[in-house]
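Thanks, everyone. Please bring up the sequence and the structure, and I'll walk you through a few spots.

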Amino acid sequence: MTFTEDAQPLDSEAASINAVTLTDEEIARAIAQSEVVRPAERWQAYQNALALAGMQQWLIERGMDLNEPLTSTVQRPEVAGLLSGVCQLNINGFHLCLIPIGALQGDTVALPRAALELADFVPQIFVLVEVQEEINQVILRGHLRTEQIQVQALTPQADWTYAVPRTWFDPDPDGLLLSIRCLPPTAISAIPLVTSPNVLPVDQVQAALTTLENRLQFMKPIWKLLTWEQAAVILVQPHLGNLAADPIPPADSLQVAVTQAAINAGRWLQGQLDQVAQEWDWLLLPARPQATAMRYTRSPMEQFEDAMTSLAQSGVTIPAQARAAYRDLTWETVSVRLYAITWDLSSATEQTWRLLLLLGPQSGQDLPAGITLSIHDEAQSLDTQTLEVSGPDAYLFSQVEGEWHERFWVTVDLTNGATITLPPFTFSAS
């Protein structure tokens, strides 16, 4: 969900009463728990883990006798990355779902779709937990009984959530504490409020995961790759969840299978993208852009034109027949754009090609200092470029040349814990 930034200032007195400061040990545990899920979901998993740690500390400070650490979906990497909250949390016999929110919370709250449709994940109470990871602080902001949710007002969102008004939540956390201390768990209902879609066969979902194996390892949110119907099956089938949770292999390993599906950059000269390029969301740019003045807010094409002008001034020559494609890479607060430009260098005696990589920021962003662009073939590293000074007009570029059969792998280290290795590039005119 996307929240507006015009939320009213939060009550400082209530915040101080219900604020919890997390220890270094709790922060380290949250980091460790988030690192075992897919890279694209690590930030959400980290927020979930901090919310859980804060909830436990809040209860302890109010005299709750917790003999053991709280357990939930946070400790289940096969599903932790699929949920925008902490589910399957049992406290004093009550089932709770924690919803991490930011300090600039708008007028709606995103509840995990699973928590309203799948019996194994439906809580009795939803709890809003504001996570301020930059100051190691967590604040309880409200609670809502599932049975009080107005079903007729619910609309499923594309990211497997339901948006509900924040005004539905009781802002007094003491009411939550009173409920879980004094009421019997049977006093509050916990049944699915929404009928889940048709249940898909397990073998069909497993086949889909196998087909998407390479893309599931990439930095794209998993809800953009799977339907909710597929996700619903995965959530209740742990062995399927393991297929969706595998992290990206180490980027420093050059032992990449030669049979790995490659992007045929040669097709770009024909104005086409092959299946691998389409699956990895590459977009082909029009042929031969014209130079224009520098702009801060730019379309991908305009940004590319500016970069080409800069390269030309540096003495890098790109022939008119060259074609380029790009794709965006985003994780947490880092948003970059990678361009790949290719052209044919073949002569009467040899078939060769060139690949030029250009890494810049997405429009309105800065390329962070320390970001690294590297290229390697099947045997060795060929080139590594690291940005020294951040800025909106900063770029990294690297180029390699090889015979048509040669493959080149491109790796981007985003500086924030994410390292992305793309499928190899190759070249064939057919």
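Start at Ser-374, which stands opposite Thr-411 in strand E16. Keep in mind that this is a predicted model. Ser-374 falls within strand E13, residues 372–376. E13 and E16 run antiparallel, joined by five bridges. Now turn to the other partner of Thr-411. Which residue in E17 is it bridged to? It is Thr-421. E16 and E17 are also antiparallel, and three bridges hold that pairing. E17 covers residues 419–421. How much of E16 is buried? Four of its five residues are, so to speak, under cover.

Next, the open sheet. Five strands make it up, in the order E9-E10-E11-E12-E15, and the pairing is antiparallel. Which strands sit at the edges? E9, residues 283–284, and E15, residues 396–403. Each of them pairs on one side only. As a reminder, strands of a sheet pair through backbone hydrogen bonds. E12 and E15 share eight bridges. One example: Arg-354 has Glu-401 in E15 as its bridge partner.

Stay on E12, residues 352–361, and find Leu-357. Buried or exposed? Leu-357 has a relative accessible area of 0%, so it is buried. Its contacts beyond four places in sequence include Leu-338, Tyr-339 and Ala-340. Leu-373, Ile-375 and Val-410 are also among them. So are Leu-396, Phe-397 and Ser-398. Look at Gln-399 as well. Its C-alpha is 6.0 Å from that of Leu-357, though 42 residues separate the two along the chain.

That brings us to the cores. The largest nonpolar core has 37 residues. Which members touch the most others? Trp-282, Leu-338, Leu-359, Ile-371, Leu-414 and Phe-425. Several elements feed this core with at least two residues each. Among them are helix H11 and strands E10, E11 and E12. E13, E15 and E16 contribute on that scale too. There is also a second, separate core of 36 residues. Cys-97, Tyr-162, Val-164 and Val-194 are included in that one. As a general point, nonpolar side chains tend to be buried together in soluble globular proteins.

Take Leu-359 from the largest core. Leaving out residues up to four places away, it touches Val-336, Arg-337 and Leu-338, among others. Its contacts also include Leu-367, Ile-371 and Leu-373. Add Ala-394, Tyr-395, Leu-396 and Val-412.

Now the aromatics. How many aromatic pairs does a search of the whole structure find? Nine. One of them is Trp-160 with Trp-228, a tilted pair. The centres are 6.1 Å apart, and the planes meet at 55 degrees. Why does this pair matter for the layout of the chain? Trp-160 is in the loop between E6 and E7, and Trp-228 is in helix H9, so the pair ties together parts 68 residues apart in sequence. Both tryptophans are buried.

Compare Trp-282 and Phe-425. Their ring centres are 5.6 Å apart with planes at 80 degrees, so this pair is edge-to-face. Trp-282 lies in the loop between H11 and E9, while Phe-425 belongs to strand E18. They are 143 residues apart. Trp-282 has 2% relative accessibility, so it counts as buried. Phe-425 is at 0%, so it is buried as well. Elsewhere, ring pairs join Trp-353, Trp-404, Phe-408 and Phe-427 into a cluster.

Back to helix H9, residues 228–236. Seven of its nine residues are buried. Trp-228 is one of them, and so are Gln-230 and Ile-234.

In the loop between H8 and H9 you'll find Pro-221. Its relative accessibility is 27%, so it counts as partly exposed. Beyond its sequence neighbours, Pro-221 is in contact with Arg-38, Ala-40 and Glu-41. Leu-82 is 139 residues from Pro-221 in sequence, yet the C-alpha atoms are 9.2 Å apart.

Last stop: Asn-264, in strand E8. With a relative accessible area of 11%, it is buried. Which backbone nitrogens does its side chain reach? Gly-266 is one, at 3.0 Å. Ser-428 is another, at 2.8 Å.

That's my tour. Over to you.

Conventions. Residues are numbered from 1 along each chain as its sequence is written. This is a predicted model: local features need pLDDT of at least 70, side-chain atom pairs count only at pLDDT 80 or more; totals for chains, interfaces and linings use all residues. Side-chain values use heavy atoms; hydrogens and water are left out. Buried means under 20% relative accessible area, exposed over 50%, partly exposed in between (1.4 Å probe, protein chains only). Contact means heavy atoms within 4.5 Å. Two strands pair if DSSP finds at least two bridges between them. A polar contact is a pair of N or O atoms within 3.5 Å; within protein, one must be able to donate a hydrogen and the other to accept it, and residues adjacent in sequence count only if both atoms are side-chain atoms. A nonpolar core is a set of buried Ala, Val, Leu, Ile, Met, Phe, Trp, Tyr and Cys residues joined through side-chain atoms within 4.5 Å. Rings of Phe, Tyr and Trp (its six-membered ring) pair if their centres lie within 6.5 Å; planes under 30 degrees apart count as stacked, over 60 as edge-to-face and the rest as tilted.
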